[in-house]
Amino acid sequence: MEPEKERTGRPPKRGRKRRRAPTTLVGAAEAMRAGWEFEERHPEVKKARLSTILFAENCEVTHDQLCELLKYAILGKSSVPKPSWCQLFHQNHLNNVVVFVLQGMSQLHFYRFYLEFGFLRKAFRHKFRLPSPSSDFLADITGLRKKETTVDLSKTNKESLPSASSKVSINLQNDPIIQKYGSKKVGLTKCLLTKEEMKTFHFPLQGFPDCENFVPTKCNGSITDSSPLFGLDCEMCLTSKGRELTRVSLVADGGGCVMDELVKPDDKVLDYLTSFSGITKKSLDPVTTKLKDVQRKLKALLPPNAVLVGHSLDLDLRALKMIHPYVIDTSLLYVREQGRRFKLKFLAKAILGKDIQNPDRLGHDATEDARTALELARYFLKHGPKKIAELSLEARSRRQGLPAAPQQPSGTADVAQQPSRSVLECLHSVGQKLLFLTRETDTSELSSCGNCQTVKCLSNKEVLEQARVETPLFPLSIVQFSFEGFSPSLTEEMNKRMMTKWTEISTVYAGPFSKNCNLGALKRLFKSFGPVRSMTLVLETHQPHFCVQYEVLEAAQLAIESLDGVLVEGARIKVQRPVTELTLDCDTLVSELERDSENRGTIYLSGVSETFRERLLREASLFLGLEAVILPKDLKNGKQRKYCFLKFKTFGSAQRALSIFTGREWKLRGRHALTPRHLHTWLKGLPPGSKRPPELRGVVPPPSEQEALQTLKADHPKVAAWRWGRKIGKLYHSLCPGTLCLILLPGTKSTHGSLPGLGLMGIKNEEESIPSNTCL
């Protein structure tokens with residue numbers, strides 16, 4: 001039975017997208033294989049990115065699996081196995097990893113205050129369920145075992161130092177510098193970064209979308225081995241818009257300083273970063289020089305064939321908002337394994353015998369750092385790669401207390417030995433430490449570990465301020481905020497109300513119908529939108545109405561969009577949700593669920609037959625970017641249900657597919673998805689709410705919460721969700737591109753019961769790296 005006329009009211013809303021329900025992933029293996037083949041055919045795609053097609057049916061990720069991801073992000077596939085539950089492409093192009101832990105919060109917090117967590121739900125495409133935490137959540141996700149089995153990293157480091165005579169036994173052919181440059185001396189042009197390397201290491205380049213307002217130096221002359229070198233170094237401060245330039249130094253080939261300028265930022269300074277920059281408010285107050293002034297001066301000073309030399313020079317050029325085609329980056333010139341880099345201070349001492357960045361001095365000296373980078377480049381050109389390799393920089397770094405990765409083959413046997421290692425041991429093996437920012441009250445085992453730089457703060461605000469400054473300096477940071485959890489009574493009430501709310505927004509009332517209407521035809525009509533939990537005839541009204549409770553939110557929304565205001569059985573009917581206190585904001589909630597990044601690219605279809613999968617495979621060429629087909633099964637008889645979810649790489653691909661499926665050829669009903677799979681799984685585990693669709697009634701919150709909402713206490717969970725969601729959003733925007741970011745709400749566990757957690761993850765600027773025209 002079909003409606004007699006086209007709907008006369010508003011056109012159906014266009015939603016976003018998402019996958020769903022307990023299911024089997026059909027086509028996941030094919031999608032993954034096609035994705036890998038695409039990587040091989042298109043080697044120019046060189047941004048780190050994530051895929052979670054391997055998610056389990058319940059979308060739950062264990063603490064051990066989180067540990068797998070962290071270790072793989074640090075070491076890569078040559079040292080540890082790939083994560084079993086997700087894929088991380090181009091791991092070596094990750095800049096760093098930042099984990100935000102919202103201690104005291106759970107999945108219940110996130111969906112109870114879903115609208116308040118605006119940034120988190122929109123920014124992170126990958127969400128997953130976490131099991132209830134143990135007594136030490138951080139120890140679990142970092143792979144720490146019992147304290148007696150924890151390695152004393154500082155002691156191990158000392159015992160593993162090579163003797164002075166061991167240098168002669170080093171096989172120079174395995175040295176990464178020899179592997180890249182060979183053993184013979186090289187000219188200046190061989191040390192320049194290629195355009196591909198500049199792209200890989202995020203140097204500003206002409207024509208790139210994030211460099212639209214950057215100023216080119218206009219140095220486009222011919223480069224030879226005798227072209228002039230200029231050392232460059234910049235210092236930055238933290239402003240309301242991120243990091244901005246405060247000082248620039250340019251040193252000529254002979255060592256003379258040709259430019260040393262303080263620069264006044266355009267935006268309000270939040271932190272002068274004095275311990276690094278040496279800049280203070282007092283020194284910057286009288287300065288009138290602006291960014292455009294130093295850009296103009298640099299363009300005038302540099303000859304057409306100038307080569308800029310610096311240490312992590314991409315950051316300096318981005319601070320200057322300038323583009324220069326010829327660069328030597330000493331952090332990349334002195335190559336290390338697995339993408340690691342030596343610090344400038346270490347190279348200055350090991351290569352040049354110079355002590356720079358003296359801790360007794362206030363901040364770094366930009367002129368000194370620029371001159372040092374220039375001298376390091378000249379040393380490399382003069383003595384050649386073989387001489388550098390013979391210096392055994394890895395061994396020297398150990399003697400200076402900077403643990404480095406051992407030189408070893410990456411065979412299968414080595415990989416098999418890694419899983420039992422903790423995240424801290426993995427960091428130790430590549431000469432790095434973990435940064436842990438937390439409150440003074442934290443009692444985690446992590447804070448007392450030797451290879452962990454722990455900073456304890458008095459408040460969440462102080463943790464946030466420290467994170468802005470410290471996280472860019474570490475390959476892995478764990479930033480923990482602490483919040484007051486729900487009381488047991490409030491938790492129980494919240495769980496019930498969440499289930500009731502979801503039941504109510506998945507319920508529709510439709511009517512009025514005539515007393516002689518065809519009940520069988522009406523039931524078939526409502527079932528055509530999706531699985532029905534219950535359907536009752538309401539006779540309390542003057543004319544009959546139907547009350548239909550759907551199993552999935554998409555079905556209810558599709559029924560409203562398709563039937564409201566339409567002529568059915570000779571009557572123009574109204575289709576709406578019950579009006580209760582819990583559904584007053586349901587239009588806003590549905591709209592925001594459509595915009596949730598987890599739902600991006602996923603469509604819901606109803607009316608699929610048992611032959612749907614086979615037909616879809618036959619006509620796969622019509623559906624560009626299809627990643628996965630999610631076909632729910634009946635838990636009782638194992639048969640395929642009559643609805644499904646299709647996940648696409650992009651919103652555009654999903655939109656095109658939806659128009660095909662709802663057209664004349666396929667004749668299916670559908671819309672963009674609203675419910676992530678992990679949400680459906682969680683709701684199934686909640687205590688039951690209303691067994692029958694509720695009547696028109698209000699649900700009064702418990703007095704304690706009602707009073708808190710009225711007084712808007714600063715520590716109320718609703719206010720905390722809104723405030724800290726925004727604060728974390730601002731901190732996220734200050735992270736550099738290519739940062740793997742995880743937001744973990746660990747859940748809670750007490751004698752009164754436990755709440756599962758929620759994880760969100762993504763790589764900053766990841767979406768730009770996803771091919772939009774891939775046919776999977």
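Let me start with the way helix H15 passes helix H16, which in this predicted model is a left-handed crossing. If you look for H15 at residues 344-352 and for H16 at residues 366-390, you will find that their axes come within 10 Å and cross at roughly 50 degrees. In general, two packed helices are described by exactly these quantities, the angle between their axes and the distance between the axes. An angle over 115 or under 65 degrees, if it is neither under 35 nor over 145, counts as oblique, and H15 and H16 are therefore oblique to each other. As for the residues that meet there, H15 brings Leu 344, Leu 347, Ala 348, Ile 351 and Leu 352, while H16 brings Asp 369, Thr 372, Ala 373, Glu 375, Leu 376 and Tyr 379.

Now let me turn to the strands. Strands of a sheet pair through backbone hydrogen bonds, either parallel or antiparallel. Here, four strands form an open sheet in the order E18-E19-E17-E22, and their pairing is antiparallel. Which strands are at the edges? They are E18, at 532-538, and E22, at 574-576, each of which pairs on one side only. From one strand to the next, the twist averages 15 degrees. Between E18 and strand E19, which covers residues 545-550, there are six bridges, and if you would like one position to look at, Leu 537 stands opposite Phe 546 in E19.

Another antiparallel pair is made by E24 and strand E25, the latter at residues 643-648, and this pair is joined over four bridges, with Phe 648 in E25 as the bridge partner of Leu 626. How many of the seven residues of strand E24 are buried? The count is seven of the seven, so E24, at residues 626-632, is largely enclosed by the rest of the structure.

That brings me to the nonpolar cores. In soluble globular proteins, nonpolar side chains tend to be buried together. The largest nonpolar core in this model has 49 residues, and those touching the most other members are Phe 100, Leu 102, Phe 110, Leu 120, Phe 481 and Ile 743. Helix H29, at residues 717-734, gives the largest share of this core, namely six residues. Apart from this core lies another, of 43 residues, which includes Cys 67, Val 423, Cys 426 and Leu 740.

Finally, consider Phe 100 by itself: leaving aside its neighbours within four places in sequence, Phe 100 is in contact with Val 479, Phe 481, Ile 728, Leu 731, Cys 741, Leu 742, Ile 743 and Leu 744.

Note on methods: Residues are numbered from 1 along each chain as its sequence is written. This is a predicted model: local features need pLDDT of at least 70, side-chain atom pairs count only at pLDDT 80 or more; totals for chains, interfaces and linings use all residues. Side-chain values use heavy atoms; hydrogens and water are left out. A nonpolar core is a set of buried Ala, Val, Leu, Ile, Met, Phe, Trp, Tyr and Cys residues joined through side-chain atoms within 4.5 Å. Buried means under 20% relative accessible area, exposed over 50%, partly exposed in between (1.4 Å probe, protein chains only). Helices (H or I, at least four residues) and strands (E, at least two) are DSSP runs, numbered from the N terminus. Contact means heavy atoms within 4.5 Å. Two strands pair if DSSP finds at least two bridges between them. Axes are lines fitted to C-alpha atoms, for helices over the stretch in contact, and angles run from 0 to 180 degrees between N-to-C directions. A crossing is left-handed if the near helix is turned anticlockwise from the far one by less than a right angle, and right-handed if clockwise.
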